[in-house]
Amino acid sequence: MIGGIARTAWPLLRCIDPERAHELSLRALELGLHPRMAQADDTRLQRTLWDIAFPNPIGIAAGFDKDARVPDPLLRLGFGFVEVGTITPLPQSGNPKPRIFRLPDSEAVINRLGFNNSGHNAAIARLKARPTAGIVGVNIGANAKSEDRIGDYETGLDVFSDVADYIVVNISSPNTAQLRDLQAPDALDTLLTRLMVRREQLADAGRGRPPMVVKLAPDIAEADLPLIVERLLHHAVNGISVSNTTITRDTVANEPLASEAGGLSGAPLFDRATRMLARVYRLSGGDVPLIGIGGIDSGRRAVEKIAAGASLIQLYTGLTYAGPSLIDEIKLSLTAALKTRGLASVADLTGQDIDRWLEP
Ligand SMILES: Cc1cc2nc3c(=O)[nH]c(=O)nc-3n(C[C@H](O)[C@H](O)[C@H](O)COP(=O)(O)O)c2cc1C
């Protein structure tokens with residue numbers, strides 16, 4: 001019944017201001033007014049990474065639940081894992097509104113939120129109060145006005161190490177000035193040296209040692225990618241997320257809102273992000289788990305993302321257009337793809353089609 005109401009209400013959300021609609025969907029999730037996964041996941045969808053058994057490889061991407069308000073309702077919706085954040089040490093309000101724009105004809109969104117969030121203290125209190133079951137990653141960032149941005153990431157590790165199943169170092173948001181400069185090889189070296197030292201100190205103090213994932217922008221120049229991946233491997237990161245939103249607009253040039261500043265997500269991002277994913281897979285020799293993100297709006301595209309090199313996938317914009325039934329659709333497409341390709345589990349699908357994405 002509740003599920004029925006939620007299913008009817010979902011398309012209505014698209015008629016109101018996007019930021020208000022988002023807040024309403026968070027509140028509905030907080031109140032339990034959401035559909036629930038009907039049955040346990042097919043065991044062929046299980047994926048074990050970093051000694052964590054993911055019941056399925058489909059996660060909700062960062063930005064949906066910035067303040068860790070609803071990780072458990074999202075898990076009940078059928079996601080295999082939830083990434084909360086981006087969370088910065090201090091609360092901050094982000095950029096002036098309006099700052100989220102729908103491009104409905106392209107099934108895309110442009111956002112320039114700018115890490116609006118309630119800060120570490122609010123999030124850690126919620127995460128400590130939640131049940132330990134269910135996989136929750138924490139995406140950490142730096143305050144816009146911080147004088148020591150790397151210090152902000154270290155603080156993120158200090159605060160979330162013992163509650164996060166994995167940590168994402170988000171250095172790829174286009175909406176905090178100069179944040180993406182941390183992706184440059186020298187800056188990345190400094191950042192990762194400090195974070196890896198801090199992680200070992202925390203582990204020695206019995207505070208946990210979560211896998212560390214770095215989230216990249218899809219706008220990194222092709223020529224710069226090999227050195228960046230080499231640096232990530234050198235520092236032995238445990239995963240790479242590909243990708244965040246893009247500042248390019250070539251795929252939405254005819255959209256009236258295309259000139260709004262911010263990061264573009266959704267269907268028009270799919271090809272760019274998936275090509276980059278396949279390149280990172282090739283450059284890393286398939287040795288590091290990759291989280292494939294960007295433009296997944298159907299079961300078919302989820303299969304393509306995994307076959308292009310993803311061990312796990314995440315989505316956000318596709319969910320706002322298609323609604324929660326997209327999660328079941330993806331699960332069905334994945335099991336169907338395994339059957340068609342004669343594969344035993346979703347792990348075998350990872351990287352099967354990278355050549356297709358690397359052709360000139
Ligand atoms: C409104 C909005 C807010 C976002 N906020 C964050 C964020 O705080 N941190 C982050 O790492 N990514 C953020 N993202 C990027 C998503 O996590 C994801 O990388 C991107 O949207 C591409 O996936 P999609 O096409 O499925 O939406 C945000 C995306 C949107 C649409």
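Lys331 and Asp41 form a salt bridge in which the closest N and O atoms are 2.8 Å apart. The two partners come from distant parts of the chain, 290 residues apart. Lys331 belongs to helix H11, which covers residues 325–341, while Asp41 lies in the loop between helix H2 (18–30) and strand S1 (47–49). Side chains of opposite charge can pair when their charged atoms come close. Across the whole structure, a search finds 25 salt bridges. The model is a predicted one.

The ligand is surrounded by 23 residues. Ala62, Lys66, Thr86, Gly295 and Thr317 are the closest of these. By class, the shell consists of 14 polar, seven nonpolar and two charged residues. Strand S4 (81–87) supplies at least two residues of this shell, and so does strand S11 (263–266).

Three contacts between the protein and the ligand are listed below.

| Protein residue | Protein atom | Ligand atom | Distance |
|---|---|---|---|
| Ala62 | backbone N or O | oxygen | 2.7 Å |
| Thr86 | side-chain N or O | nitrogen | 2.7 Å |
| Gly266 | backbone N or O | oxygen | 2.9 Å |

Taken alone, the ligand exposes 610 Å², of which the protein buries 97%. The space that the ligand takes up is the largest cavity.

In the table, Ala62 and Gly266 each approach an oxygen atom of the ligand through a backbone atom, whereas Thr86 uses an atom of its side chain to approach a ligand nitrogen.

Methods. Residues numbered from 1 in each chain as written. Predicted model: local features only at pLDDT ≥ 70, side-chain atom pairs only at ≥ 80, totals over all residues. Heavy atoms only, no water. Near = heavy atom within 4 Å. Polar contact = N/O pair within 3.5 Å; in protein donor to acceptor, adjacent residues only side chain to side chain. Areas by Shrake-Rupley, 256 points an atom, 1.4 Å probe, with all protein chains shown as cover. 1 Å grid on protein atoms, 1.4 Å probe; cavity = no way out; pocket = protein on both sides within 12 Å on 5 of 7 lines; lining within 4 Å. Sits in = over half its atoms within 2 Å of the grid points. Helix = DSSP H or I, 4+ residues; strand = E, 2+ residues; numbered from the N terminus. Nonpolar A, V, L, I, M, F, W, Y, C, P; charged D, E, K, R; others polar. Salt bridge = Lys/Arg side-chain N within 4 Å of Asp/Glu carboxyl O.
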